[in-house]
Amino acid sequence: MSDSIWRSLKQQIRRVEKIRLFLDYDGTLADFAPAPDIILPDPALISLLSRLVETEKYLTAVISGRSLLHLRELLPMKGLLLAGTYGLEMQFPDGSLVTALDYGQVRPLMEKLLPKWQALLDGQVGFFLEDKGWSLAMHARFAAIEDARRVLDSARGEIDQLSAGEGFAVEHRARFLEITPVEANKRRSVETILSRYTPAKALPIYMGDDLNDEEAFDAILTAGGVCLRVGKEPVPTRAQHRLSGPREVRQLLNKLAGSD
Ligand SMILES: [Mg+2]
């Protein structure tokens, strides 16, 4: 991590009483697991986040596409705001829970789609179907690219046939497809956390590695905050700073935890 990032952040941090930190999990706090259902809590990360939680200046939120259940298992510690399924389901530091809508509004559609997607994956290699409860995702990170394209296109076709309506959003990338309620959106969730659960003068800082985070950057920038785009690829970003990967993220968090 370059010293200039730390120097610039340090100046901003000194001027405020509170910092609202938003941290993505996969690709930001930790390297990607081989499959999304592999839950390996990392003691070093847990102790780093615990130090942040103990630093009164920081209000720390972990915001992820993973389910809240997964986040709880990955980060079995108190004091964090855990925002699962892109913030649709949140657990507050005191343990209380808030969901942006009812499970019953979402689940019937997922139940219809699930067997259709399972049938598409029959005999396929390199795919992973993830039922997050609130959303359904198909990962194709380890499939041949032409297989990924063909199968994901078919899976997208199954969604289109269900005519899910305006309440649902689809994310379709080369190796990933997901259907979620529109409430499962990091930008919306960041706006909610800032307006309802963050002191007005707190400085928001967000670290994230993908397009969902990039959307959330809009809300952070509007609120006068600081964004850090994580990853080695020189992709376009609205973030003011870049970090190369989870290692640099942790180095920076370590410095934050040691400052006041
Ligand atoms: Mg990520």
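Let me start with one pairing in the sheet: E130 has A137, in strand 7, as its bridge partner, and this belongs to the antiparallel pairing of strand 6 with strand 7, which runs over 4 bridges. I should say at once that what we are looking at is a predicted model.

Stepping back from that pair, the open sheet consists of 4 strands in the order 6-7-9-8, with antiparallel pairing. Strand 6 and strand 8 are at the edges and have a single partner strand each, so one side of each is left without a neighbour in the sheet. On average, and ignoring direction, neighbouring strands here are turned by 10° against each other.

Helix 4 packs on this sheet, where it touches strand 6, strand 7, strand 8 and strand 9, and its direction makes about 25° with that of strand 7. Which residues of helix 4 are buried? They are R107, L109, M110, L113, L114 and W117, and what covers them includes, besides the strands, helix 5, residues 145–162. One of these buried residues, L113, also marks a kink of about 25°, shortly before the proline P115. As for length, the 14 residues of helix 4 should span 20 Å at 1.5 Å a residue, and the end C-alpha atoms are indeed 20 Å apart.

Finally, let me turn to the magnesium ion, whose protein donors are D24 (OD), D26 (O) and D209 (OD), lying 2.1 to 2.2 Å from the ion. Along the chain these donors follow the spacing D-x1-D-x182-D. D24 counts as buried at 5% relative accessibility, and D26 is buried as well, with a relative accessible area of 14%.

How values were computed:
Residues are numbered from 1 along each chain as its sequence is written. This is a predicted model: local features need pLDDT of at least 70, side-chain atom pairs count only at pLDDT 80 or more; totals for chains, interfaces and linings use all residues. Side-chain values use heavy atoms; hydrogens and water are left out. Donors are N, O and S atoms within 2.8 Å of the metal (3.2 Å for Na, K and Ca); water is not among the atoms, so sites may look incomplete. Buried means under 20% relative accessible area, exposed over 50%, partly exposed in between (1.4 Å probe, protein chains only). Helices (H or I, at least four residues) and strands (E, at least two) are DSSP runs, numbered from the N terminus. The expected span of a helix is 1.5 Å times one less than its number of residues. The bend at a residue is the angle between axes fitted to the seven residues ending there and the seven starting there. Contact means heavy atoms within 4.5 Å. Two strands pair if DSSP finds at least two bridges between them. Axes are lines fitted to C-alpha atoms, for helices over the stretch in contact, and angles run from 0 to 180 degrees between N-to-C directions.
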